[in-house]
Amino acid sequence: MTGNHRNTSITRRRALAVAGGTVAAGGLAAAGYQSAFADTTSTTATATTTTAATSATSSGTCMQLMSSVTEGPYYLDGALVRKDITEGKSGVPLTLRLTVVDATDGCTPVPGAAVEIWHCDAWGYYSGYTTANPGGSAPAESEDGSTADDTTYLRGYQIANANGVVKFETIIPGWYTPRTCHIHLKVHTGGEKENGTYEGGKVNFTGQLFFADEIAESVFSLEPYSKHTGSYTKLADDMVYDGGGASSGLLTLKPVHKKDPSKGYKGSLTLGVDPDAENTGAGSGGGGTPPSGAPSPSSSSSSS
């Protein structure tokens, strides 16, 4: 399997029968990106903004804030604070660098912000929801051969440094019907790390990150992604992505090796948030049809 990460501190796998439901709809308070993966201790967290962001700057804010959205059916409380969230899940490596800035105060960094991400594995399965059918034809999640904990893999927090920067080591997600390739995220402020996770404070933003079609499709032709067959939803047909580029959550992606996508990618984006706002993304919201064969929400296990 391609790009296999290992975590020596992982716990024993535990299969769960848990809920599916409607897939999250969303957007992202984001514009521009930090193009270089430089030493974050010496680099100011500035962003190359889009035209809309530049226009907003002249009126006293650095970018237009997009609406927070439902967190979707696959969210779990209690994710761990950690940089590497793979737990041995196989896939094309992704180093994700996100910069959190205050869009109401000239794009100044938001040190101490907690960025939480979660996404599916190479076959479209989420930890905590491993019996929800991702659509098309895919092996059972238990057949992937990893030793990942089925309640925690591909979920985690990172706390922003003085420049508002967080970095994750993960894999490029697979896909599930009817969604395009994406990563969910929340930005929290006002809490603190406690017992290995993040407690207290409030959620300022709930959104999603997206991948260009040509990159997703080149990745999905590789093992283990290629074992999941069926109709992949492109960006233009996705129910969430609105075509706005970086301001709608489209990641800037750079290959580690231009001629070999299996070597991985570096992804980056600047997240413009309002630290005074609060939106958990919980509750009702659009998102489309549940994955085929997904259990009912009432059968969901408690969060890990």
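**Figure 1. Lys 89 and Glu 141 meet in a salt bridge.** In this predicted model, the side chains of Lys 89 and Glu 141 come to 2.8 Å, N to O. Lys 89 lies in the loop between helix 1 and strand 1. Glu 141 lies in the loop between strand 3 (114-118) and strand 4 (155-159), so the pair ties together parts that are 52 residues apart in sequence. Both residues, Lys 89 and Glu 141, are buried. The bridge belongs to a network of salt bridges that links Lys 89, Asp 121, Glu 141 and Asp 144. Lys 89 also has an aromatic neighbour: it lies over the face of Tyr 153, at 4.2 Å from the ring centre.

**Figure 2. Lys 186 pairs with Glu 71.** The closest N and O atoms of this salt bridge are 2.9 Å apart. Lys 186 sits in strand 6, and Glu 71 in the loop between helix 1 and strand 1. The two are 115 residues apart, so the bridge links distant parts of the chain. Are Lys 186 and Glu 71 buried or exposed? Both are buried. The charged end of Lys 186 also sits over the ring of Tyr 75, 4.8 Å from its centre.

**Figure 3. Arg 82 and Glu 87 form a salt bridge.** Their side chains meet at 2.8 Å, N to O. Arg 82 has 13% relative accessibility and counts as buried. Glu 87 is buried too, at 2%; the cut-off for buried is under 20%. Glu 87 lies in the loop between helix 1 and strand 1. Its backbone deserves a look as well. Phi of Glu 87 is near 55 degrees, a positive value in a residue other than glycine. Most residues other than glycine have a negative phi. Across the whole structure, a search finds seven salt bridges.

**Figure 4. Cys 107 has a positive phi.** The value is near 60 degrees, and Cys 107 is not a glycine. Where does Cys 107 lie? Cys 107 is in the loop between strand 1 and strand 2 (108-109). Cys 107 is buried, with a relative accessible area of 16%.

**Figure 5. Tyr 74 and Tyr 176 form an edge-to-face aromatic pair.** By the ring-pair rule, the count for the structure comes to ten aromatic pairs. In this one, the ring centres are 5.7 Å apart and the planes meet at 85 degrees. Tyr 74 lies in the loop between helix 1 (51-58) and strand 1 (93-102). Tyr 176 lies in the loop between strand 5 (165-171) and strand 6 (182-194), so the pair ties together parts that are 102 residues apart in sequence. Both Tyr 74 and Tyr 176 are buried. They share one aromatic cluster with Tyr 126 and Tyr 129.

**Figure 6. Phe 220 and Tyr 232 pair across helix 2 and a loop.** Why is the pair of Phe 220 and Tyr 232 edge-to-face? The planes of the two rings stand at 80 degrees, with their centres 5.0 Å apart. Planes over 60 degrees apart count as edge-to-face. Phe 220 belongs to helix 2 (residues 213-220). Tyr 232 is in the loop between helix 2 and strand 8 (252-255), twelve residues apart from Phe 220. Phe 220 is buried, with a relative accessible area of 11%. Tyr 232 also counts as buried, at 18% relative accessibility.

**Figure 7. Cis peptide bonds precede Pro 178 and Pro 224.** Most peptide bonds are trans. The bond from Thr 177 to Pro 178 is cis, with omega near 5 degrees. Pro 178 lies in the loop between strand 5 and strand 6. Another cis peptide bond joins Glu 223 and Pro 224, with omega about 0 degrees. Pro 224 is in the loop between helix 2 and strand 8.

**Figure 8. The whole protein has two helices and nine strands.** Along the sequence, the pattern runs α-β-β-β-β-β-β-β-α-β-β. Of the 304 residues, 54% count as buried. Among contacts with a separation of 6 or more, 82% come from residues 24 or more positions apart. The protein exposes about 11900 Å², and carbon and sulfur atoms supply 48% of that area.

Definitions and conventions: Residues are numbered from 1 along each chain as its sequence is written. This is a predicted model: local features need pLDDT of at least 70, side-chain atom pairs count only at pLDDT 80 or more; totals for chains, interfaces and linings use all residues. Side-chain values use heavy atoms; hydrogens and water are left out. Helices (H or I, at least four residues) and strands (E, at least two) are DSSP runs, numbered from the N terminus. Buried means under 20% relative accessible area, exposed over 50%, partly exposed in between (1.4 Å probe, protein chains only). Contact means heavy atoms within 4.5 Å. Accessible areas come from the Shrake-Rupley method with a 1.4 Å probe; for residues, only the protein chains shown count as cover. Rings of Phe, Tyr and Trp (its six-membered ring) pair if their centres lie within 6.5 Å; planes under 30 degrees apart count as stacked, over 60 as edge-to-face and the rest as tilted. A charge sits over a ring if NZ of Lys or CZ of Arg is within 6 Å of the ring centre and within 35 degrees of the ring normal. A salt bridge is a side-chain nitrogen of Lys or Arg within 4 Å of a carboxyl oxygen of Asp or Glu.
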